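Biologist: I would like a close look at one part of this protein, the nonpolar core. Please describe what builds it and then place it in the rest of the chain.

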Amino acid sequence: MPRKTIQLAFFAVLAIGLLVLLFFVFKPYLGVIFMAGVLMVVFRPLYKKLVEKFNGRKNLAATVTTLSILIFIIVPIIIMSVLLLKEAINLYNAIAFGGASQNLISQINALIGHFNTQINLELYARNVLSWIIGNFDSVFSAVFGGVLNFILMIISLYYLFIFGDKIKK
């Protein structure tokens with residue numbers, strides 16, 4: 001076998017191996033990069049208009065576009081998540097310590113009773129909410145990971161706005 005063929009085969013195997021390793025390095029961040037790409041495609045017209053308005057200053061246009069995405073899309077999602085969490089905590093406290101939720105539970109049990117089934121809704125709700133409280137450490141680490149991924153998505157989005165044309169070529 002000629003020496004050039006061996007060198008070319010070795011280089012091809014080495015390049016494929018490096019690409020596989022590179023894939024495993026970026027694998028945890030592929031979802032973040034994909035989401036940033038989707039947001040970039042959706043908000044690209046706004047970015048282009050802002051580049052024109054700011055006389056070709058791409059960094060300023062990318063900053064304004066990214067901040068507007070944060071303000072008008074991400075912040076309401078965070079507010080809704082916080083409100084949902086508060087409601088879940090209030091529901092847990094109401095079920096665990098009694099109170100006004102007993103009326104709701106009795107109404108749901110009466111509704112379920114029409115279907116000739118017997119479900120102890122209070123027991124299920126206590127079990128689910130107790131599991132959430134008991135696994136708070138894993139929930140907290142998942143939330144922290146989500147926040148980190150969110151920050152990485154925002155940074156990726158900013159740079160995708162700036163270098164999107166070069167990446168496309």
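**The core and its surroundings**

Modeller: In this predicted model, a good place to start is Ile69, which touches Leu39, Phe43, Ile74, Leu157 and Phe161 when residues up to four places away in sequence are left out. Ile69 belongs to the largest nonpolar core, a set of 19 residues. Together with Leu39, Tyr47, Met153, Leu157 and Phe161, Ile69 is among the members that touch the most others in that core. Three elements give two or more residues each to the core: helix H2 (30-53), helix H3 (58-96) and helix H6 (136-168). The largest share is that of H2, with 8 residues.

Thr66 is another residue of helix H3 to look at here. Its relative accessible area is 5%, and a residue counts as buried when the value is under 20%, so Thr66 is buried. Leaving out residues up to four places away in sequence, Thr66 touches Ile154, Leu157, Tyr158 and Phe161. Two of these partners, Leu157 and Phe161, are also touched by Ile69.

As for the rest of the chain, the protein has 6 helices and 0 strands, and from the N terminus its elements read α-α-α-α-α-α. Of its 169 residues, 19% are buried. Among contacts with a separation of 6 or more, 67% are between residues 24 or more positions apart. The accessible surface is about 12900 Å², and carbon and sulfur atoms account for 74% of that area.

H3 and H6 also take part in the largest pocket, where H3, helix H5 (121-134) and H6 each supply at least two lining residues. This pocket holds about 600 Å³ of space. Its lining consists of 17 residues, and those nearest the centre are Ser81, Leu85, Phe136, Val139 and Val143. By class, the lining has 15 nonpolar and 2 polar residues, with no charged ones.

Helix H5 also contains Ile132. With a relative accessible area of 35%, Ile132 is partly exposed, because that class covers values between the 20% limit for buried and the 50% limit for exposed. The C-alpha atoms of Ile132 and Ala88 are 10.0 Å apart in space, while the two residues are 44 residues apart in sequence.

One last residue is Asn55, found in the loop between H2 and H3, two of the helices that contribute to the core. Asn55 has a relative accessibility of 71%; the limit for exposed is over 50%, so Asn55 counts as exposed. Its backbone is also worth a note: Asn55 has a positive phi of about 55°, although it is not a glycine. Most residues other than glycine have a negative phi.

To return to the request, the core draws two or more residues from each of H2, H3 and H6, and H2 gives the largest share.

Notes. Residues are numbered from 1 along each chain as its sequence is written. This is a predicted model: local features need pLDDT of at least 70, side-chain atom pairs count only at pLDDT 80 or more; totals for chains, interfaces and linings use all residues. Side-chain values use heavy atoms; hydrogens and water are left out. A nonpolar core is a set of buried Ala, Val, Leu, Ile, Met, Phe, Trp, Tyr and Cys residues joined through side-chain atoms within 4.5 Å. Buried means under 20% relative accessible area, exposed over 50%, partly exposed in between (1.4 Å probe, protein chains only). Helices (H or I, at least four residues) and strands (E, at least two) are DSSP runs, numbered from the N terminus. Contact means heavy atoms within 4.5 Å. Accessible areas come from the Shrake-Rupley method with a 1.4 Å probe; for residues, only the protein chains shown count as cover. On a 1 Å grid over the protein atoms alone, a cavity is a set of points where a 1.4 Å probe fits but cannot get out, and a pocket is an open set with protein on both sides within 12 Å along at least five of seven lines; lining residues have an atom within 4 Å of a point. Grid points are joined across faces, edges and corners, and a volume is the space filled by probe spheres set on the points. Ala, Val, Leu, Ile, Met, Phe, Trp, Tyr, Cys and Pro count as nonpolar, Asp, Glu, Lys and Arg as charged, and the others, Gly among them, as polar.
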